[in-house]
Each structure stands twice: as structure tokens, then as C-alpha cells.
Amino acid sequence: MTGSTGMHIDVLTLFPAYFTGLLDVSLLGRAVDSGLLRVDIHDLRTWTTDPHRTADDMPYGGGAGMVLKPEPFFAAVEALYGAVESRPRTVVLTPRGDLLDQARVRDLATSERLLLLCGRYEGIDERVHEALATDEISIGDYVLAGGEAAAAVVIEAVTRLLPGVMGNDRSAMDESHADGLLEYPQYTRPASYRGMDVPAILRSGDHGRVAAWRTRQSVERTRRVRPDLYARWERASGGSAAPRLPEDGDEGSDDAAD
Ligand code: JF8
């Protein structure tokens with residue numbers, strides 16, 4: 001890994017096999033191969049001490065299910081980072097965490113090192129949250145069986161922001177006025193497929209009108225599908241690019257104009 005631009009991510013999990021393959025393909029594989037990203041997956045059981053390598057125990061106070069013991073997490077952190085003073089950004093993936101959004105992803109992407117802690121069963125002993133976590137993050141309001149899928153989401157979202165991982169087109173676009181809006185519709189060949197035509201404006205060669213059409217599609221789609229994002233974008237941008245469209249069903253008038 002390069003010292004200046006690379007990121008080093010450690011993952012603590014009871015299921016290291018979950019990440020097999022993930023780091024070999026596509027964007028993540030390329031980032032690893034080009035030295036921009038290093039990911040070390042660690043089996044939490046490495047830091048258990050009993051012959052059965054027990055990582056969980058019954059919850060104090062009773063109740064169904066098991067809780068991950070604190071000792072293996074603390075031992076792992078001490079083994080991986082030595083002095084407790086020099087610890088990296090440590091993210092516990094948990095349904096009760098802050099909802100992950102792109103601002104948080106950008107923030108995490110500025111770290112040189114990340115440690116991702118994955119729980120299972122009923123979760124992780126609270127003392128791990130208190131003493132080791134710098135961040136508690138949830139990827140959405142639905143129930144997973146453990147933190148691994150959420151950790152994979154964090155790794156992918158962060159990696160695509162690392163300098164050199166993606167093309168410059170994308171980076172420029174992320175900073176543009178369209179930041180915070182949903183994507184506009186994309187088409188490729190053929191121009192007509194099973195009776196469905198690519199909007200004529202996209203084939204007109206008029207880059208100004210194409211850009212205006214795309215912006216309007218993004219704005220309108222966001223307003224209809226994600227009013228929460230739309231309100232935030234309007235506040236952030238002053239609604240600069242937001243001339244109101246007529247209601248649903250009138251979108252075709254754009255295309256007819258060509
Ligand atoms: C878990 C450990 C999660 N958005 C999310 N839904 N569910 C989870 C999650 C995370 C960790 C554990 N069950 C046991 C669920 C996140 N992040």
C-alpha cells in the first residue's frame with residue numbers, strides 16, 4: 001500500500017468467508033491490485049482463548065439469543081494497533097447506528113485506516129461500543145443477520161471515493177450542481193428496442209439541450225421519488241436548476257420537440 005493515497009481497512013468478523021471474492025472483483029479488486037486499497041479480514045475467533053474458541057455468551061438479564069463477548073474485540077484491537085492511544089477510526093455496524101449517507105462516506109474516505117467491527121446474533125457487548133467505537137453506522141432501516149453486508153457496503157462506497165480509483169468524470173460530477181439528486185435516465189444502443197425509443201434529444205448532438213434535459217430529469221425524478229433529498233438539494237442549491245415540470249405524463253413533450 002502507498003503511504004500517501006492508499007487506505008488500509010481491517011475487518012473483524014466471525015465470518016471471514018463472507019468477504020471471499022468481494023475483494024477480487026470489479027472496483028474493489030482493481031483498487032487492491034493497484035495498491036490504492038488494502039483490506040485485511042480478521043477472524044474474531046483468532047482472539048478467543050478457550051479450547052472451543054467461544055466468541056459469544058448469554059445476555060445478562062436474560063432474553064433470547066447470544067451476545068458477542070467483549071474480550072476478543074479488545075484483544076484484536078490491541079494486537080492490531082498496539083497502544084490504545086493510536087487507534088484508527090473504528091466503525092461498528094449496527095442497526096441502531098447513524099444512517100449511512102454520502103456525507104458520512106466522504107468523511108470516512110478521508111481516513112488512512114478504518115477498522116470495521118461486525119457483530120452477529122443479538123449484537124456486541126455494549127462495552128465494545130463504548131470503548132472502541134468512534135462511529136456507529138447502520139446502512140438502512142431493515143434487519144440483517146449481522147454486520148458483514150453493511151461492512152461490504154461501507155468498503156465499496158468508501159473505495160470509489162479514493163483518489164485514483166475512479167475516472168475523473170465521476171469525481172467532477174460528484175462535485176457538481178447535480179450532487180444530491182438522483183441520476184437522470186441513461187440509454188445506449190439500439191436507438192429503438194422492442195418499440196421503446198431513446199429520447200430524440202439525446203441523439204440530437206445538441207449538448208446544451210442534452211444537459212438541460214438531464215438536469216430536469218434528475219430534478220423531477222428526485223422531487224417525485226425522494227422529496228427528502230429534493231428538499232435538501234433545493235436548500236443547498238437554491239433550486240437554481242429547477243424550473244418546474246408539468247405533471248407526470250407530459251415528459252414526452254421534450255422528445256416530440258425534436
Ligand atoms: C445485526 C449484528 C444493520 N442496517 C442494518 N440492519 N441490520 C444491521 C445489523 C448489523 C449488525 C448486526 N444483527 C446482529 C444487524 C447494520 N449495519
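This is a short tour of a predicted model, stop by stop, with a selection to make at each one.

**Stop 1: strand S1**

Select residues 7-13, which form strand S1. Six of these seven residues are buried, so the strand is largely enclosed by the rest of the structure.

Now add residues 37-43, strand S2. S1 and S2 pair in the parallel sense, with seven bridges between them. To see one of the bridges, pick Thr13 and look for its partner in S2, which is Asp43.

Add residues 26-33 as well, which is helix H1. Together, S1, H1 and S2 make a β-α-β unit, and the unit is right-handed.

**Stop 2: strand S6**

Keep S1 shown and select residues 113-118, strand S6. S6 also pairs with S1 in the parallel sense, here over five bridges. Pick Asp10 in this pairing: its bridge partner in S6 is Leu115.

**Stop 3: the nonpolar core**

Which residues touch the most other members of the largest nonpolar core? Select Val91, Leu116, Leu117, Ala151 and Val154; they hold that place in a core of 39 residues. Then select residues 148-159, helix H5, which gives the most to this core, with six residues. As background, nonpolar side chains in soluble globular proteins tend to be buried together.

Centre the view on Ala151. Leaving aside neighbours within four places in sequence, Ala151 is in contact with Val11, Leu93, Leu116 and Cys118. Among these contacts, Val11 lies within the residue range of S1, and Leu116 and Cys118 lie within that of S6.

**Stop 4: the ligand**

Select the ligand and the shell of 18 residues that surround it. The closest are Leu93, Gly119, Leu144, Gly147 and Ala150. Leu93, one of the contacts of Ala151 at the previous stop, thus reappears here among the closest residues to the ligand.

Which strand gives the most to this shell? Select residues 89-99: this is strand S5, and it supplies four residues. Colour the shell by residue class and it divides into nine nonpolar, eight polar and one charged.

**Stop 5: Leu202**

Finally, select Leu202, in the loop between strand S9 (196-197) and helix H7 (207-225). Is Leu202 buried or partly exposed? Leu202 counts as partly exposed, because it has 19 C-beta neighbours inside 10 Å, and 20 or more would be needed for a buried residue.

Add Tyr187 and Val210, the residues in contact with Leu202 once its neighbours within four places in sequence are left aside. Draw a C-alpha to C-alpha distance from Leu202 to Tyr187: the two are 8.6 Å apart in space and 15 residues apart in sequence.

Methods:
Residues are numbered from 1 along each chain as its sequence is written. This is a predicted model: local features need pLDDT of at least 70, side-chain atom pairs count only at pLDDT 80 or more; totals for chains, interfaces and linings use all residues. A residue is buried if 20 or more other C-beta atoms lie within 10 Å of its own, exposed if 12 or fewer, and partly exposed in between; C-beta atoms are placed from the backbone. Helices (H or I, at least four residues) and strands (E, at least two) are DSSP runs, numbered from the N terminus. Two strands pair if DSSP finds at least two bridges between them. A crossover is right-handed if, with the strands pointing away from the viewer, the path from the first strand over the helix to the second runs clockwise. A residue is near a molecule or strand if its C-beta atom, placed from the backbone, lies within 6 Å of it. Ala, Val, Leu, Ile, Met, Phe, Trp, Tyr, Cys and Pro count as nonpolar, Asp, Glu, Lys and Arg as charged, and the others, Gly among them, as polar. Two residues are in contact if their C-beta atoms, placed from the backbone, lie within 7 Å. A nonpolar core is a set of buried Ala, Val, Leu, Ile, Met, Phe, Trp, Tyr and Cys residues joined through C-beta atoms within 7 Å.
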